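Here is a small set of exercises to work through at your own pace. Keep the structure open beside you, try each task, and then compare your steps with the solution.

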Amino acid sequence: MTRIALCQIPIDHDPKTNLETVRDALAQAEGADLAVFPEATLTRFGRGVAEAAEPLDGPFVTGLADAAREHGIAVIAGVFEPAGDGRVLNTAVALDETGRLAGAYRKIHLFDSFGARESELVAPGDAPVVVELAGLRIGLITCYDIRFPELARELVDQGADAFAVIAAWGSGPMKEDHWVTLVRARAIENTTWTIAVGQAPNPAARDAFGVGRSMLIDPMGAVRHDLGPGPAVQVGEIDPRLTESVRRTLPSLEHRRLGITSS
C-alpha cells in the first residue's frame with residue numbers, strides 16, 4: 001500500500017504564503033508516503049507569473065524540498081520556471097521524501113480554450129515524464145493535458161502505474177463536469193490509479209481558477225475520495241494489487257491492435 005495525501009489548498013499570489021500553506025498541509029498529512037499539491041502552487045495564474053518564476057534551485061522548490069525532508073513525505077507540486085523568452089514553463093516538480101528532485105515535467109498542452117490564452121504567458125514542454133516516488137512509477141499530467149488521452153497512454157507505455165494530475169481548473173459552464181469525467185476516463189481506459197488534485201477556490205481572488213473536486217480514483221474508475229469544493233487534506237491508499245487484479249479481469253491494454261490505420 002502507498003498512502004497518498006490529496007492536498008487541495010487555496011493558492012495566493014505570494015509564494016511565501018503558499019509555501020506556508022504547503023507546510024501546514026504536510027503537517028495534516030502525517031503518515032502519508034506522497035503528498036500531491038495543485039498546479040501553480042508557487043503563485044496564482046496571471047500576468048505576474050513571469051516575475052514570480054524561479055529556477056528549480058530557487059527558494060520555493062528549495063522550501064518544498066526542506067518541507068518534504070522534514071515530514072518524510074514525497075511531494076508533487078506545480079511551479080513556474082523562466083522559459084528564457086519572456087514566458088514561463090508550467091512545471092510539475094517531484095521530490096522524494098529526502099527532498100531530492102526526482103523529476104520535473106513541463107506542461108505540454110497549453111490552455112488556449114474557453115477564451116483563455118495560456119500560451120501568451122507559458123511556453124510548452126515537449127516530453128512526457130514518469131517519476132519513481134513512494135514505491136510507484138507516476139506519470140505526470142497537468143490540467144489541460146487531461147483532455148489528451150494519448151499523453152496518458154504514452155505514460156502507461158513508459159511504465160506508469162499511477163497518474164498524478166495537478167490542476168488549477170477554471171470554473172464555468174460544464175467545466176466541473178468535464179473535470180470529473182475526464183479524470184475518471186483516464187483511469188478507466190488505462191486501468192490505472194489516478195490522483196487528481198486541483199486548487200481550492202480562493203475567495204480573495206478575482207479569477208475563476210480553482211473548483212476543488214480533488215479525487216483518488218481506482219483502476220476501475222471508482223472514486224475512492226472526492227474532496228468537494230473547499231480546502232481539504234485527505235489521505236487515501238493505493239493498492240498495486242488491485243491494478244493487477246483489474247488488468248487480469250479487464251485486459252484492455254493487451255487488446256490494443258497497434259498499427260491498425262484507416263485507409
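**Exercise 1. Is I188 buried, partly exposed or exposed?**

*Solution.* Before we start, note that this is a predicted model.

Step 1. Find the residue: I188 sits in helix α5.

Step 2. Recall the cut-offs: buried means under 20% relative accessible area, exposed means over 50%, and partly exposed is in between.

Step 3. Compare: the relative accessibility of I188 is 36%, so I188 counts as partly exposed.

Step 4. Look for a partner far along the chain: I188 and D218 are 30 residues apart in sequence, and 8.2 Å separates their C-alpha atoms.

**Exercise 2. Work out what span helix α1 should have, and find which residues of α1 are buried**.

*Solution.* Step 1. Helix α1 covers residues 15–28, which is 14 residues.

Step 2. The rule is 1.5 Å times one less than the number of residues. At 1.5 Å a residue, α1 should therefore span 20 Å, and its end C-alpha atoms are indeed 20 Å apart.

Step 3. Now list the buried residues of α1: P15, N18, L19, V22, A25 and L26. Looking down the axis of α1, these buried residues fall within an arc of 120°, so they line one face of the helix.

Step 4. Turn to the other side of α1, where K16 and Q28 are exposed.

**Exercise 3. Repeat the analysis for helix α5**.

*Solution.* Step 1. Helix α5 runs over residues 175–190 and has 16 residues.

Step 2. The expected span is 22 Å, and the distance from the first C-alpha of α5 to its last is 23 Å, which is close.

Step 3. The buried residues of α5 are K175, W179, V180, L182, V183, R186, A187 and N190. Viewed down the axis of α5, they fall within an arc of 170°, so they line one face of the helix.

**Exercise 4. Check the phi angles of A40 and R213, and decide whether each residue is buried or exposed**.

*Solution.* Step 1. A40 is not a glycine, yet its phi is positive, at about 60°. A40 belongs to the loop between β2 (34–36) and α2 (49–52).

Step 2. With 0% relative accessibility, A40 counts as buried.

Step 3. R213 also has a positive phi, near 60°, and is a residue other than glycine. You will find R213 in the loop between β10 (193–198) and β11 (215–217).

Step 4. The relative accessible area of R213 is 18%, so R213 is buried.

**Exercise 5. Describe the empty spaces in the model: what lines the largest pocket and the largest cavity?**

*Solution.* Step 1. Start with the pocket: the largest one holds about 290 Å³ of space. It is lined by 18 residues, and those closest to its centre are F45, F111, A116, E118 and F209.

Step 2. Sort the pocket lining by type: 9 residues are nonpolar, 2 polar and 7 charged.

Step 3. Move on to the cavities: the count is 1 cavity of 30 Å³ or more. The largest cavity has about 30 Å³ of space, and its lining consists of L42, E54, P55, F60, V61, V79 and F80. The elements that contribute two or more residues to this lining are α3 (59–71) and β3 (74–82).

Step 4. Sort the cavity lining too: 6 residues are nonpolar, none is polar and 1 is charged.

Note on methods:
Residues numbered from 1 in each chain as written. Predicted model: local features only at pLDDT ≥ 70, side-chain atom pairs only at ≥ 80, totals over all residues. Heavy atoms only, no water. 1 Å grid on protein atoms, 1.4 Å probe; cavity = no way out; pocket = protein on both sides within 12 Å on 5 of 7 lines; lining within 4 Å. Points joined across faces, edges and corners; volume = space filled by probe spheres on them. Nonpolar A, V, L, I, M, F, W, Y, C, P; charged D, E, K, R; others polar. Helix = DSSP H or I, 4+ residues; strand = E, 2+ residues; numbered from the N terminus. Buried < 20%, exposed > 50% of the residue type's maximum accessible area, 1.4 Å probe, protein only. Arc of directions from axis to C-beta.
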